[in-house]
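Q: I've got a new structure open and I'd like to learn how to read its helices and charged pairs. Can you walk me through it?

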Amino acid sequence: MSLAAEPPGGRRISPARAQAVAERVHGPPAAPPVEYEGLVTRTIAFAVDAAIVNLVAALVSVTVGLAASLFDFPDTIKTIVIAIGGVAYLAWTVGYFVVFWSTTGQTPGSRLIRLRVCDADTGRQIRPGRALVRLVVLMISVIPLFAGLWPILVDDRRRGLHDMVAGTVVVGAEPAESGAPAGKPGQAPY
């Protein structure tokens with residue numbers, strides 16, 4: 001038996017006890033550094049999401065259009081159906097982003113690029129109301145020459161106007177991430 005296999009005094013120390021002693025001596029382990037995502041990766045993820053939203057909407061529109069072509073509807077009914085289609089498209093788009101941001105923090109485009117939307121202070125998932133505010137401000141902030149996105153280029157945490165208003169950040173995410181924030185509970189790693 002080698003001397004390295006057993007500590008002095010003949011007692012074995014459990015890994016949990018060794019971790020507790022190490023934390024007492026050296027302090028708690030540091031949270032991994034947070035990597036904030038920039039404009040290019042966020043734009044690519046948004047383009048993927050826009051393609052998904054529009055592809056689904058186009059497939060539904062074609063299906064409804066083909067089914068409606070089998071019947072002869074008056075013009076007023078056609079106008080109402082078009083208006084309903086517009087409202088359904090808006091609801092689909094809003095629902096897509098709000099549901100994904102408030103449940104997993106990742107839309108399919110974000111998951112592909114490995115980034116995640118989370119609360120700027122705690123790193124936890126955001127609530128649906130904040131996700132809706134984030135989406136509305138995002139849409140408004142792109143109207144004047146994408147001015148609401150310019151702060152991403154200079155802000156320390158790469159936050160756009162929509163992130164600042166909603167209190168969110170976009171961070172890098174691991175592929176098998178459980179959604180739990182880095183660090184200890186109650187500790188704000190962000």
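**Reading a helix and its salt bridges**

A: Let's begin with what is tucked away: in helix 5, the buried residues are Ala-131, Arg-134, Leu-135, Val-137, Leu-138 and Ser-141. Keep in mind that this is a predicted model.

Q: What covers the buried residues of helix 5?

A: For any buried residue, look for the elements packed over it. Here the cover includes helix 2, helix 3 (75-103), strand 1, helix 6 and strand 2 (168-172).

Q: How far does helix 5 reach from its first C-alpha to its last?

A: The idea is to compare the span with what you'd expect at 1.5 Å a residue. Helix 5 has 14 residues and spans 20 Å, close to the expected 20 Å.

Q: Now the charged pairs. How many salt bridges are there?

A: You look for a side-chain nitrogen of Lys or Arg within 4 Å of a carboxyl oxygen of Asp or Glu. That rule gives three salt bridges here. Take Asp-163 and Arg-42, whose side chains meet with N and O 2.4 Å apart. Asp-163 sits in helix 6 (residues 161-166) and Arg-42 in helix 2 (residues 39-68), so this pair ties together parts 121 residues apart in sequence.

Q: Are Asp-163 and Arg-42 buried or exposed?

A: Check the relative accessible area; under 20% means buried. Asp-163 is buried at 0%, and Arg-42, at 10%, counts as buried too.

Q: Which other salt bridge does Asp-163 make?

A: One residue can serve in several pairs, so it pays to check its other partners. Asp-163 also meets Arg-134 in a salt bridge, at 2.8 Å from N to O. Arg-134 lies in helix 5 and Asp-163 in helix 6, so the pair ties together parts 29 residues apart in sequence. Both of these residues are buried. Through shared partners, the salt bridges join Arg-42, Arg-134 and Asp-163 into one network.

Q: And which residue forms a salt bridge with Asp-119?

A: That's Arg-130, with the closest N and O atoms 2.6 Å apart. This pair links distant parts of the chain, eleven residues apart: Asp-119 in strand 1 (residues 115-119) and Arg-130 in helix 5 (residues 128-141). The accessibility reads a bit differently on each side: Asp-119 counts as buried at 10%, while Arg-130 is partly exposed at 29%.

Q: What pLDDT does the protein average?

A: Look at the overall confidence, then at the weak spots. The average pLDDT is 87, and 86% of the residues score at least 70. Over residues 182-188, though, the pLDDT is below 50, and beyond near neighbours in sequence that stretch has nine contacts in the model.

Technical notes
Residues numbered from 1 in each chain as written. Predicted model: local features only at pLDDT ≥ 70, side-chain atom pairs only at ≥ 80, totals over all residues. Heavy atoms only, no water. Helix = DSSP H or I, 4+ residues; strand = E, 2+ residues; numbered from the N terminus. Buried < 20%, exposed > 50% of the residue type's maximum accessible area, 1.4 Å probe, protein only. pLDDT = per-residue confidence, 0-100. Contact = heavy atoms within 4.5 Å. Expected span 1.5 Å × (residues − 1).
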